[in-house]
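Dear colleague,

I am passing on the structure we spoke about, and below it you will find my notes on its aromatic pairs, its sheet and its core. Please read them with the structure open beside you.

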Amino acid sequence: MSTLTTLMHQIPPFLPDDAEVMTATIELPPGDPGTPPHRHSGPVFGYLLEGEMMFELEGEPERVIRAGEAFWEPGGDVIHYQAANNLTDGWTRFVVVMIGVPGEPMLTPVDEAELEARRDRRAPRPTAETGA
């Protein structure tokens with residue numbers, strides 16, 4: 001008998017007109033910082049297959065996502081700061097489904113000037129003293 005397990009149920013804030021959809025796997029070697037800060041033209045949904053990912057979106061504190069957990073981001077104007085391998089001794093692998101605006105890249109890097117201009121939108125960074 002088959003089994004259906006809901007991992008996440010989310011209503012995205014928007015879907016681009018005539019959206020394009022891309023499904024991909026991403027594999028990060030131990031300690032890999034992942035893609036530098038960027039944004040997506042539409043929402044992104046993912047599932048961690050193996051390992052641990054340090055995940056951070058603009059306005060939210062960074063958090064660890066572990067194998068078997070689902071995640072998402074709204075896309076659009078929101079900066080995705082990090083999707084790094086949180087392990088120094090193992091690979092992290094995940095699947096993403098990206099919904100994008102036709103003719104636009106699925107991922108657009110954010111430059112240092114914009115990061116500085118939006119610095120107040122980033123959640124406080126953990127410190128060595130507090131660990132939070």
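**Aromatic pairs, sheet and core**

In this model, which is predicted, the count of aromatic pairs comes to 3. One of them joins phenylalanine 45 and tryptophan 72, whose rings are stacked, with 5.9 Å from centre to centre and 15° between the planes. Because phenylalanine 45 belongs to strand β3 and tryptophan 72 to strand β6, this pair ties together parts that lie 27 residues apart in sequence. Tryptophan 72 itself is buried, its relative accessible area being 18%, where the cut-off for buried is under 20%.

Another pair is made by phenylalanine 55 and phenylalanine 71, and here the arrangement is tilted, with the centres 5.3 Å apart and an angle of 55° between the planes. Since phenylalanine 55 lies in strand β4 and phenylalanine 71 in strand β6, the pair ties together parts that are 16 residues apart in sequence. Both rings belong to buried residues: phenylalanine 55 has a relative accessibility of 0%, and phenylalanine 71 has a relative accessible area of 3%. Together with Phe94, these two residues, Phe55 and Phe71, form one aromatic cluster.

Turning to the sheet, 4 strands form an open, antiparallel arrangement in the order β1-β8-β3-β6. The edges are taken by β1 (20–28) and β6 (70–73), each of which has a single partner strand, so that one side of each is left without a neighbour in the sheet. On average, and with direction ignored, neighbouring strands of this sheet are turned by 20° against each other. The antiparallel pairing of β3 with β6 runs over 4 bridges, and tyrosine 47 has alanine 70, in β6, as its bridge partner.

The largest nonpolar core has 13 residues, and those with the most contacts inside it are Met53, Phe55, Ile65, Phe71, Phe94 and Val96. The elements that contribute two or more residues to this core are β3 (44–50), β4 (52–57) and β8 (92–100). If neighbours within four places in sequence are set aside, the contacts of phenylalanine 94 include Ala24, Ile26 and Leu28, as well as Tyr47, Leu49, Met53 and Phe71.

Finally, there is a charged residue to look at beside a ring: arginine 122 lies over the face of tyrosine 81, at 4.1 Å from the ring centre.

With best wishes

Terms used: Residues numbered from 1 in each chain as written. Predicted model: local features only at pLDDT ≥ 70, side-chain atom pairs only at ≥ 80, totals over all residues. Heavy atoms only, no water. Core = buried A, V, L, I, M, F, W, Y, C linked by side-chain atoms within 4.5 Å. Buried < 20%, exposed > 50% of the residue type's maximum accessible area, 1.4 Å probe, protein only. Contact = heavy atoms within 4.5 Å. Pairing = 2+ DSSP bridges. Axes fitted to C-alpha atoms, helices over the stretch in contact; angles between N-to-C directions. Phe/Tyr/Trp six-rings, centres within 6.5 Å; stacked < 30°, edge-to-face > 60°. Lys NZ or Arg CZ within 6 Å of the ring centre and 35° of its normal.
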